[in-house]
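Hi,

Here is the structure I promised to send over. Please have a look at it first, and then read on for what I found.

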Amino acid sequence: MKIVVLDGYALNPGDLSWEALQQSGELTVYDRTPADQIVKRCEGAEIVFTNKTPLTEETLKQLNKLQYIGVLATGYNVVNTAAAKTQSIIVCNAPDYSTASVVQTVFALLLELTNHVQRHSDAVASGKWSQSKDWCFWDYPLSELSGKTLGIIGFGNIGQKVAAVGAAFGMHILCTSRTRRAHAGVQDFRWVDTPELLSNADVISLHCPLMPETKGLINKTTLSQMKRTAFLINTSRGPVVEDDDLAHALNNDVIAGAGLDVLTTEPPPLDNPLLKAKNCIITPHIGWASKEARLRLMQITIDNLNAFMQGKPVNVVN
């Protein structure tokens, strides 16, 4: 079979191996594929893998040999799954490969907001500690997580693990979700509605999927319901937050700070107001990208393909 990877660089910038996929067919891997090259590169392929390269209905209609689409991610909105189903093309994703890494990113962002480790390290490197009259100094307020309230919006695999880690820090846990499931013995846990969560949480961490009802969930109105001392963490999807509204809230002390691994448009335009907003920490959508997580993603990708070729596909999303 002819196998094409349209945008393999994010998964494998050179530190992993495509060897297992090479054993399954005639493999061509492209680091990136511009929109006007998608059809040409996929022509004649039975199997196509994509991470963020879109496969629209119009594109799929031109790929009459295509049988299988593997999404190199958990989210699969880049593929028109309904159109694929109409053409009897199976679409599979890679669930739950990055949970541990994303949870770690949540708390990396949060701890930077509470402890300002990088800012203090920079101050030390600049000579400020060497010149200090005292044996220590701090330029930014330091605060403990213990005793604070963590509000979690969305309680899938990642949200559940965030709750467990928050509880281990001694935080009170509030949660809202479309589905109220067992919380695996997390201490001091309580289900609440969204308004109560917004008004009571010291930290709000977003873990909901991007859907019509969650797009723009964090906006001028909902930000105004939060504590002025609250932090917002977003490692889910950028469009869950209205960038302009959050920047305004940060610059006008409506909330105290934000840690973001995702933005509405990625890469962001230079005029995105969050890039210069007060007390806003932004990382370039790396929560999923630890080597361990990418190894799991590669293995799930291989397992999905093998299952398909054996006539027993798994992780089918259409």
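A residue is called buried here if its relative accessible area is under 20%. Please keep in mind that this is a predicted model.

With that cut-off, helix 7 is a nice place to start. G159, V162, A163 and G166 are buried in this helix. They lie on the same side of helix 7, because the arc they cover around the axis is only 105°. Those buried residues pack against helix 5, strand 6, strand 7 and strand 9.

The length of helix 7 (residues 157-168) also checks out: its twelve residues, at 1.5 Å each, should span 16 Å, and the C-alpha atoms at its ends are 17 Å apart, so the two agree. After the helix comes G170, which has a positive phi, near 90°.

Now to the sheet. It is open, has seven strands in the order 8-7-6-9-10-11-12, and its pairing is parallel. Strand 8 (189-191) and strand 12 (280-282) are the edge strands, each pairing on one side only. From one strand to the next, the twist averages 15°. At the strand 12 edge, three bridges join strand 12 to strand 11 (residues 257-260), and the two run parallel; G259 has I281 as its bridge partner in strand 12.

Two helices lie across these strands. Helix 7 lies across strand 6 (149-153), strand 7 (172-176) and strand 9, at about 175° to strand 6. Helix 5 (residues 99-115) lies across strand 9 (203-206), strand 10 (231-234), strand 11 and strand 12, and runs at about 155° to strand 10.

Best wishes

How values were computed: Residues are numbered from 1 along each chain as its sequence is written. This is a predicted model: local features need pLDDT of at least 70, side-chain atom pairs count only at pLDDT 80 or more; totals for chains, interfaces and linings use all residues. Side-chain values use heavy atoms; hydrogens and water are left out. Two strands pair if DSSP finds at least two bridges between them. Helices (H or I, at least four residues) and strands (E, at least two) are DSSP runs, numbered from the N terminus. Axes are lines fitted to C-alpha atoms, for helices over the stretch in contact, and angles run from 0 to 180 degrees between N-to-C directions. Contact means heavy atoms within 4.5 Å. The expected span of a helix is 1.5 Å times one less than its number of residues. Buried means under 20% relative accessible area, exposed over 50%, partly exposed in between (1.4 Å probe, protein chains only). The arc is that of the directions from the helix axis to the C-beta atoms.
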